[in-house]
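Colleague: I am new to this model and would like a close look at a single part. Please show me the salt bridges, and then help me place them in their surroundings.

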Amino acid sequence: MPSREAQLFVLAIAGLSGPAYFLFQIQDQKTFRSILFSALVSIAGFAATKWLLPVVARKTLARGICGKDLNKKGTPAGETPIPESAGLAPAAVFLLCIICFELIHYYDINSLVSWVSSGFRGQLQLELLPDSWLVDYNAALASIGFMVFLGFADDVLDIPWRVKLVLPLFAALPLLVAYSGGTGVAVPKPLQAAIGLPSFLELGLLYKAYMVLLTIFCTNSINILAGVNGLEAGQTFIVACAMLLHNLMQLAGHAGSVPEVRDAHLFSVYLSLPLAATTLGLLVFNWYPSAVFVGDTFTYFAGMTIAVAGILGHFSETLLLFLIPQVFNFLYSVPQLFGLVFCPRHRLPVFDPATGLLRPKDAPDWNLVNLTLQLFGPCSENALCVRILVMQGACCALGFGLRWALAGIYK
């Protein structure tokens with residue numbers, strides 16, 4: 001296998017090259033500059049995450065918030081305590097980035113550019129943002145911040161998994177109460193023809209119930225597709241890049257000229273950019289061999305951010321296409337998750353110290369990690385993570401392909 005630095009470089013280039021291309025295809029200069037400022041803040045967020053993570057790791061290790069790598073059991077690496085809850089660092093930096101975005105967008109972008117280019121002389125012109133935009137922005141901040149708190153509480157208190165299933169419900173309440181967008185959906189053309197539905201259907205409270213279910217699914221789906229160095233952060237980075245690419249493609253196309261649609265995709269960009277940047281900073285330490293464990297702090301934070309970006313960006317159907325591995329893993333895991341068959345505490349494969357390879361258990365655990373080993377045979381932990389992340393990337397590419405193939409046919 002290539003070195004860990006080479007693997008991370010390939011992952012970063014593969015994830016960010018598409019968004020970078022479409023960023024420079026955006027014609028509206030105000031939109032372009034707005035995203036460029038957000039990108040600069042996100043780059044600073046990447047650097048801040050790399051700086052903060054060792055600090056958080058030392059603190060959590062000193063407080064005994066640590067664990068041992070079960071996939072290296074029987075080797076010296078398997079006996080070394082590894083700091084947990086490292087997701088606290090990217091989550092904190094992410095929230096700071098979002099607050100910086102909000103401050104920046106209080107000002108007229110052209111005025112801000114002129115002010116910086118003049119050496120910070122003169123006076124900035126304020127741009128009054130719509131109240132509904134600010135309410136959604138702050139509600140998203142509250143929901144994500146609440147989820148970070150609940151995730152860290154879970155890492156410290158070890159909350160039972162059945163309780164974990166409903167925790168996102170409480171974190172989603174600020175978003176649910178403050179949501180000011182539409183609550184209707186465009187009905188697929190085949191359904192219109194088959195059962196005579198109108199082209200647009202107003203769902204009202206049913207749509208808000210769907211929002212809650214989506215947040216619950218996203219937060220828990222990242223959490224249960226886990227257990228391999230780099231897997232939680234890796235899948236989050238790929239999905240964040242896919243969301244970013246989708247938003248920028250829309251902004252570079254006809255959607256960029258429709259104010260309501262443009263603002264929704266811009267809002268999603270402001271969430272996807274720092275999520276990708278801070279997660280990449282986390283991967284520097286969490287990639288195999290991992291120096292830190294991300295903990296439920298990260299998986300809950302990442303899942304909630306993905307859900308909020310999809311809901312407020314108004315592309316929840318496309319988001320589910322990006323999350324095909326998570327959807328499959330959840331459905332495949334249902335018998336164990338709901339007690340129909342025995343569910344161990346750690347649904348991990350078996351590590352063989354003699355060969356250094358992972359293999360599935362004789363009585364298989366019902367998740368995608370073990371299924372991958374059953375289908376493709378034993379492999380190293382690093383190779384297993386890469387295989388699943390390649391599958392994640394392929395599913396995101398499939399999502400884009402389906403959108404293109406069904407354009408004008410499905411909706």
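Modeller: Here is a walk through the charged pairs, followed by some of the other parts of the chain.

Before we start, please keep in mind that this is a predicted model, in which local features need pLDDT of at least 70, side-chain atom pairs count only at pLDDT 80 or more, and totals for chains, interfaces and linings use all residues. Residues are numbered from 1 along each chain as its sequence is written, and side-chain values use heavy atoms, with hydrogens and water left out.

A search of the whole structure turns up four salt bridges, a salt bridge being a side-chain nitrogen of Lys or Arg within 4 Å of a carboxyl oxygen of Asp or Glu. Let us begin with E381 and K72, whose side chains meet at 3.0 Å, N to O. E381 belongs to helix α17 (residues 381-406) and K72 to the loop between β1 and β2, so this bridge ties together parts that lie 309 residues apart in sequence. The helices (H or I, at least four residues) and strands (E, at least two) I mention are DSSP runs, numbered from the N terminus. Both E381 and K72 are buried; buried means under 20% relative accessible area, exposed means over 50%, and partly exposed is in between (1.4 Å probe, protein chains only).

The loop between β1 (66-67) and β2 also holds both partners of another pair, E79 and K68, eleven residues apart. Their closest N and O atoms are 3.5 Å apart. E79 is partly exposed because its relative accessibility is 48%, and K68 is also partly exposed, at 45%.

D263 pairs with R262, with the closest N and O atoms 3.3 Å apart. D263 has 28% relative accessibility, so it counts as partly exposed, and R262 is partly exposed with 23%. Elsewhere, salt bridges that share partners join D69, K72 and E381 into one network.

What about the surroundings? An unreviewed UniProt entry lists several stretches as "transmembrane region", among them residues 32-53 and 264-285; UniProt positions are in the numbering used here, feature names are shortened, and annotations may be inferred rather than shown by experiment. In the model, residues 32-53 are 100% helix and 0% strand, with end C-alpha atoms 31 Å apart. Residues 264-285 are likewise 100% helix and 0% strand, and their end C-alpha atoms are 33 Å apart.

A86 sits in the loop between β2 (82-83) and α3 (88-104). With a relative accessible area of 3%, A86 is buried. Leaving aside neighbours within four places in sequence, A86 is in contact (heavy atoms within 4.5 Å) with L53, L282, V292, F293 and V294.

For a well-covered helix, look at α11 (residues 231-252), where 20 of its 22 residues are buried.

Finally, F146, F149, V163, V166, L169, F170 and L173 make a nonpolar surface patch of about 580 Å². The elements giving two or more residues to this patch are α5 (131-157) and α7 (167-171). Patches are made of residues with over 30% relative accessible area and no salt bridge, with like charges joined within 9 Å and nonpolar side chains (Val, Leu, Ile, Met, Phe, Trp, Tyr) within 5 Å. V166 lies in the loop between α6 (161-164) and α7, and V166 is partly exposed, with a relative accessible area of 40%.

How values were computed:
Accessible areas come from the Shrake-Rupley method with a 1.4 Å probe; for residues, only the protein chains shown count as cover.
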